[in-house]
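Visitor: Could you take me on a close look at one part of this structure? I'd like to start with the space inside and what sits around it.

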Amino acid sequence: MKFTFLSHSTFILKVHEKNILVDPFLSENPFFCKKQFSWKKYIVEPIDYILVTHAHYDHVCDVELFHKIYPNSLVISNYEISNFFEKKGIKTYGVNYGSFISFPFGKLKYVWALHSSSFVNGIYGGNPGGFLLHTDEGNIYVSGDTSLMYDMKIIPTFGKLKYSILPIGGRFTMDVEEAIIASDFLHCEKIIGVHYNTFDSIQIDEKNAIKSFYQKGKELIILNIGHSVHI
Ligand code: NI
Ligand code: MN
């Protein structure tokens, strides 16, 4: 399985030759806008699935754009977000907090997140969530935007996690210290950090963050934009 970081909470997971794009936020992402360079060179293979954790703009911004570029892609999100995009002629697969569902890349389960979820114009975006992905290459938890929550303890009861992808920027989500507690709840030693340094309000010191995890016997993986890691 390959993880490619595209900044903020946007990344691509490649599992069994399927490319899964999560929470696309690129065209209006300050990181790319301010530096005046394009994200386009980082997405080189067709996207098969677009996973959306919740309706906030920094997670749904480019769903339509990518569906236009890759019309065969399937958008998977909660029922309300799926309906929103279905009305725009996008192929969707609506889910809710429930069972694992089988896809060609593995089994996927929409799980709860402690956050909010509304579209930019105030349209209801259902309940916020994350995704638990079980594959024969390992189990991955994508928490989405969330605070620390005790319910995370149930996640590893479905199967040992190989990696968890957690927000670490604070203010709107967990910060580094809370993500370390989350990794204890999750019984997970390898964390990939997301949702930091995109905006002024979520700045962190990356080296200190890695050190804080290390001191607790955990590994925090922080990637440069466009960089990949085999997980
Ligand atoms: Ni959010
Ligand atoms: Mn967010």
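Guide: The lining of the largest cavity is a mix: 5 nonpolar, 5 polar and 2 charged residues. This is a predicted model, by the way. The cavity itself holds about 50 Å³ of space. Among the residues around it are Ser 9, Phe 11, Val 22, Asp 23, Thr 53 and His 59. The lining also includes Val 142, Ser 143, Gly 144 and Asp 145.

Keep your eye on Asp 145, as this residue has another job in the picture: Asp 145 bridges the nickel ion (ligand 1) and the manganese ion (ligand 2), and those two ions lie 3.2 Å apart. Now look at where the chain comes together here. His 54 sits in the loop between β4 and α2, while Asp 145 sits in the loop between β10 and β11, so this pair ties together parts that are 91 residues apart in sequence. Are they buried or exposed? His 54 counts as buried, because its relative accessibility is 0%. Asp 145 is buried as well, with a relative accessible area of 3%.

So who holds the nickel ion (ligand 1)? His 54 (NE2), His 56 (ND1), His 115 (NE2) and Asp 145 (OD) coordinate the ion, at 2.2 to 2.3 Å. If you trace those donor residues along the sequence, their spacing reads H-x1-H-x58-H-x29-D. And the geometry? The angles among the 4 donor atoms run from 90 to 175°, and the site is irregular. Why isn't it called tetrahedral? Four donors count as tetrahedral if all angles lie between 85 and 135 degrees, and the angles at the nickel ion (ligand 1) go up to 175°.

Back to the empty spaces. A search of the whole structure finds 2 cavities of 30 Å³ or more, so let's visit the second largest as well, where about 40 Å³ of space lies. Its lining is made up of Ile 76, Val 95, Asn 96, Ser 99, Ile 101, Leu 108, Lys 109 and Tyr 110. By class, that gives 5 nonpolar, 2 polar and 1 charged residues. Which strand gives the most to this lining? Strand β8 (residues 106–112) does, with 3 residues.

Notes:
Residues numbered from 1 in each chain as written. Chains lettered and ligands numbered in written order. Predicted model: local features only at pLDDT ≥ 70, side-chain atom pairs only at ≥ 80, totals over all residues. Heavy atoms only, no water. Donors = N, O, S within 2.8 Å, 3.2 Å for Na, K, Ca; no water. Tetrahedral: all angles 85-135°; square planar, octahedral: opposite > 155°, others 65-115°. Helix = DSSP H or I, 4+ residues; strand = E, 2+ residues; numbered from the N terminus. Buried < 20%, exposed > 50% of the residue type's maximum accessible area, 1.4 Å probe, protein only. 1 Å grid on protein atoms, 1.4 Å probe; cavity = no way out; pocket = protein on both sides within 12 Å on 5 of 7 lines; lining within 4 Å. Points joined across faces, edges and corners; volume = space filled by probe spheres on them. Nonpolar A, V, L, I, M, F, W, Y, C, P; charged D, E, K, R; others polar.
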